[in-house]
Amino acid sequence: MSLSDKKDLDLYNQWLNDPDLNLNFGKSHDAYSIERQEKYIANHNNSDDKFFVFISKEENKPIGICLLYDICYVHGKGTMGILIEAESQNNGFAKEASQLLLEFAFNILNLNNIMLYAIDFNEKAIELYKSIGFKVIGKRRQSYPINNQVYDEVYLDILKEEFNNLDKI
């Protein structure tokens, strides 16, 4: 599915402008217009970044996005992000999409290290990432202020060897 379709851009824009969804994604401070999304996607398409929409087999509809960015082929590393619409959460889609993205990163792109971060109150996401082999490598302390509280960003990573030695779903 191409994100250049207007309906896809509208859907993606709806996800990115959902304050509850983006609170956990680390983007609750941003507002996105269709024009900004078109530019963002065009920039990704014109870079080494890999941007994917994933689709529910049952409903044949887009339910989220995942991406690899800050890819460095010389050093074999990249950063990943994932966003799933609220209605499709808690169904195993994040785990499956993450594993597919890691399979692509490690065994197609031949990267060796994938990193990501989550806001520390998003314990569900952190536990999910740990369950697929990510290890906590550190925190950026008090770097995410929301509603007069300050939270840490938790950084996790996984190596190709670790991923390839795991039992997957």
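In which sense, parallel or antiparallel, do β3 and β4 pair? β3 and β4 pair in the parallel sense, over 3 bridges. One point along this pairing is lysine 77, which stands opposite asparagine 113 in β4. Two strands are taken to pair if DSSP finds at least two bridges between them.

The model is predicted: local features need pLDDT of at least 70, side-chain atom pairs count only at pLDDT 80 or more, and totals for chains, interfaces and linings use all residues. Residues are numbered from 1 along each chain as its sequence is written, and side-chain values use heavy atoms, with hydrogens and water left out.

**Overall layout**

The chain has 6 helices and 6 strands, in the order α-α-α-β-β-β-α-β-α-β-β-α along the sequence. Helices (H or I, at least four residues) and strands (E, at least two) are DSSP runs, numbered from the N terminus. Of the 169 residues, 43% count as buried; buried means under 20% relative accessible area, exposed over 50%, and partly exposed in between (1.4 Å probe, protein chains only). The accessible surface of the chain comes to about 9,700 Å², and carbon and sulfur atoms hold 47% of that surface. These areas come from the Shrake-Rupley method with a 1.4 Å probe, where for residues only the protein chains shown count as cover. Among contacts with a separation of 6 or more, 55% join residues 24 or more positions apart, a contact being heavy atoms within 4.5 Å.

**Strand pairing**

The antiparallel pairs are set out below.

| Strands | Bridges | A facing pair or turn residue |
|---|---|---|
| β2 and β3 | 7 bridges | glycine 76, phi about 65 degrees |
| β4 and β6 | 7 bridges | isoleucine 119 and glutamate 153 |
| β5 and β6 | 8 bridges | glycine 138 and tyrosine 155 |

β2 and β3 form a hairpin with 4 residues between them, and leucine 67 has glycine 81 in β3 as its bridge partner. The hairpin of β5 and β6 has 2 residues between the strands, and asparagine 147 in its turn has a positive phi of about 50 degrees. Strand β6 (residues 149-159) is largely enclosed by the rest of the structure because 8 of its 11 residues are buried. β3 is likewise largely enclosed, because 7 of its 8 residues are buried.

**Core**

A nonpolar core is a set of buried Ala, Val, Leu, Ile, Met, Phe, Trp, Tyr and Cys residues joined through side-chain atoms within 4.5 Å. The largest has 29 residues, and those touching the most other members are Phe54, Leu68, Met80, Leu102, Ile114, Tyr129 and Phe134. Elements that each supply at least two of its residues include β2, β3, β4 and β6. Helix α4 gives the most, with 6 residues. A second, separate core of 7 residues includes Tyr12, Leu16, Phe51 and Leu67.

Not counting residues up to four places away in sequence, phenylalanine 134 touches several residues, among them Met80, Leu102, Leu116 and Ile158. Serine 98 lies in helix α4 and counts as buried because its relative accessibility is 0%. With that sequence limit of four places, serine 98 touches Met80, Ile82, Tyr129 and Ile132.

**Second largest pocket**

This pocket is lined by 15 residues, with Phe54, Ile55, Glu96, Ala97 and Leu100 nearest its centre. The largest share of the lining, 6 residues, comes from α4. On a 1 Å grid over the protein atoms alone, a pocket is an open set of points where a 1.4 Å probe fits, with protein on both sides within 12 Å along at least five of seven lines, and lining residues have an atom within 4 Å of a point.
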